[in-house]
Amino acid sequence: MGYLPIFLDVTGRKCIVVGGGEVAARKAESLLDADATVTVVCARLNDTLDAMFKRREIAHIARPYRRGDMAGCALVYAATDDSALNRELAAEARELGILLNVADVPELCDFIAPAIVKQGALQIAISTGGASPAFVARLRRQLEEQFGDEYGHALRILRAARNHLRSQRIELGERSRRLKALAESELPDALRHHDLSFVERIVAACLGDGVSLGTLGIDAESLALSNGLSASR
């Protein structure tokens, strides 16, 4: 079985989770993180989903699934132990051309959901093609240790640098050279070691004299507060 790794844009799109337990809650959380519009179909919700509903983060259809509930959806997660219902959901989804994932039943899935390591704009997806969820968990722990929140901050600076250079109408080749220098710099290490002055030197060296975090529109003080940065090494 082959899989194509892609990131779907589900912003504002209707997605359904069938089921009301722990797995369904995790699926709903992942959809909310992607800014999807989430409806959960289940007679009863667990405490996590009930809290989401009370915060008006999700809609709830408080009854068992009925054929037609998935109409107009971008994708469906089935998180039930009802094998007959799972097969019915798979048949309906394929009839309607809707992407479906059935928890722990890969043969009924159109896609599998990878484990995600996320730091700001950085997302690293992990999959073993369904071979070993336990190994995925191990890899996830390792990657979370390797890629801390300094990478999220580094990407924030890189995005701001890209916008700044565009606004200066710098020639494309030169712009690419400066951004590549910043991307390959010690910026993550400087952030990890809480060295704000080193961050400023890297920014100036890669982007040009006079360019600073302030030039890029990044409040250094707020960055220091959120990441524990200090002004000296």
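In this predicted model, helix H3, formed by residues 83-96, lies across three strands: E1, E4 (75-78) and E5. The direction of helix H3 makes an angle of about 165 degrees with that of E5.

The strands beneath this description belong to an open sheet of five, and a reader following along the sheet meets them in the order E3-E2-E1-E4-E5, with parallel pairing. The two edges are taken by strand E3 (58-61) and strand E5 (99-102), each of which pairs on one side only. On average, and with direction ignored, neighbouring strands of the sheet are turned by 20 degrees against each other.

A helpful place to look more closely is the pairing of E1 with strand E2, residues 37-41. These two strands run parallel and are joined by five bridges. Within this part of the sheet, Val-18 stands opposite Val-41 of E2. Helix H2, residues 47-54, also packs on the sheet, where it touches E2 and E3. The direction of helix H2 makes about 115 degrees with that of E3.

Attention can now turn to the surface. Here Leu-4, Ile-6, Leu-8 and Leu-99 form a nonpolar patch, and together these residues have about 400 Å² of accessible area. One member of the patch, Leu-8, is found in the segment before strand E1 (14-18). Is Leu-8 buried, partly exposed or exposed? Its relative accessibility is 46%, and therefore Leu-8 counts as partly exposed, because this class lies between the limits of under 20% for buried and over 50% for exposed.

Key. Residues numbered from 1 in each chain as written. Predicted model: local features only at pLDDT ≥ 70, side-chain atom pairs only at ≥ 80, totals over all residues. Heavy atoms only, no water. Patch = residues over 30% accessible without salt bridge, like charges linked within 9 Å, V, L, I, M, F, W, Y side chains within 5 Å. Areas by Shrake-Rupley, 256 points an atom, 1.4 Å probe, with all protein chains shown as cover. Salt bridge = Lys/Arg side-chain N within 4 Å of Asp/Glu carboxyl O. Helix = DSSP H or I, 4+ residues; strand = E, 2+ residues; numbered from the N terminus. Buried < 20%, exposed > 50% of the residue type's maximum accessible area, 1.4 Å probe, protein only. Pairing = 2+ DSSP bridges. Axes fitted to C-alpha atoms, helices over the stretch in contact; angles between N-to-C directions. Contact = heavy atoms within 4.5 Å.
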